[in-house]
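Please walk through this fold one element at a time. Keep the model open alongside the text.

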Amino acid sequence: MFKDLYHTVFPKVCYGCSTDLAKTETWLCSTCKTNLPITHFHQLSTNPITQIFAGRIPLIQASSFFYFVKESAVQHLLHALKYNNTPKLGTAIGEWYGEELTRDGAFETIDSIVPIPLHYAKQQQRGYNQSTMFAMGLAHLLHKPLDDKSVLRNIATSTQTKKNRAERWENVADVFSLQAPEMFRGKHTLLVDDVITTGATLEACANKILQVEGASVSIATIAFAKL
Ligand SMILES: [Zn+2]
């Protein structure tokens, strides 16, 4: 019975390659974990993530943990995180990254960690926000508070498809609002999300925060997908 219970709590096969996991392994076998495509972007003041936002918004620091590679362990992990009801996987990835960041002293000056809120309907369907789980793992290792209350995602009022490009942009800009602007006054916020591609969502959210006096922002995501 305990063995069955153990297997429902922890996956028995590797999410990367489907081989059986050893007792000491969780989520990934040691081979897949060693071969994860880590970017090490946090060691560079200029990197592909800071370049996404260059000339758009001022950031203190920006990084992604992994390169998003199709059919790789990273894709399998992200897929499981979204669709397999595995919130603890998000926390585990946050802790793996937190370990790496702490070792290199990255994001040391942040005051809090804020996950990008999920669409209300998606959160209801999934039962959790994968970015919040990732943020939780980071918060644990970086010894910084998680703040998943101060930013709100507004409920969409009209369909995006019927709008022209300019109107869509306006819509993105209005996606977020601040529940508690005072939480950002004079503070350095680490905004986190799962995957970054164009950065439009992170930019919209960062812009809201940067409207607050003395606020500064850094960005970290699980994966970086090249366009
Ligand atoms: Zn494996």
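Start with a single motif. Strand E5, helix H9 and strand E6 form a β-α-β unit, and its hand is right. E5 covers residues 188-196, H9 covers residues 200-210, and E6 covers residues 216-224. This is a predicted model, and the description below builds outward from that unit.

First, the two strands of the unit. E5 and E6 run parallel and are joined by 8 bridges. Two positions help to locate the pairing. Asp193 has Thr221 of E6 as its bridge partner. Ile196 stands opposite Phe224, again in E6.

How many residues of E6 are buried? The count is 9 of 9, so the rest of the structure largely encloses this strand. The cut-off behind that statement is 20 or more other C-beta atoms within 10 Å of the residue's own. E5 is mostly covered too, with 7 of its 9 residues buried. In a regular strand, side chains alternate between the two faces of the sheet.

Next, the neighbours of these strands. E6 also pairs with strand E1, residues 62-67. That pairing is parallel and spans 5 bridges. Within it, Ser63 has Ala220 of E6 as its bridge partner. E5 has a further partner as well: strand E2, residues 112-115. E2 and E5 pair in the parallel sense over 4 bridges. Here Pro115 stands opposite Val192 of E5. E6 therefore pairs with E1 and E5, given that a pair needs at least two bridges.

Now the helix of the unit. Which residues of H9 are buried? They are Leu202, Glu203, Cys205, Ala206, Lys208 and Ile209. An α-helix has 3.6 residues a turn, so residues three or four places apart point the same way. The buried list includes charged-residue names, Glu203 and Lys208, alongside Leu202 and Ile209. What covers these buried positions? The cover includes E5 and E6, the strands of the unit itself. It also includes helix H3 (48-53), strand E3 (151-153) and strand E4 (176-178).

Finally, step back to the whole chain. It holds 9 helices and 6 strands. Of its 227 residues, 36% are buried. Contacts reach far along the sequence. Among those between residues at least 6 apart, 73% join residues at least 24 apart. The pairing of E1 with E6 links residues 62-67 to a strand at residues 216-224.

Methods:
Residues numbered from 1 in each chain as written. Predicted model: local features only at pLDDT ≥ 70, side-chain atom pairs only at ≥ 80, totals over all residues. Buried ≥ 20, exposed ≤ 12 C-beta atoms within 10 Å, placed from the backbone. Right-handed = clockwise from strand over helix to strand, strands pointing away. Contact = placed C-beta atoms within 7 Å.
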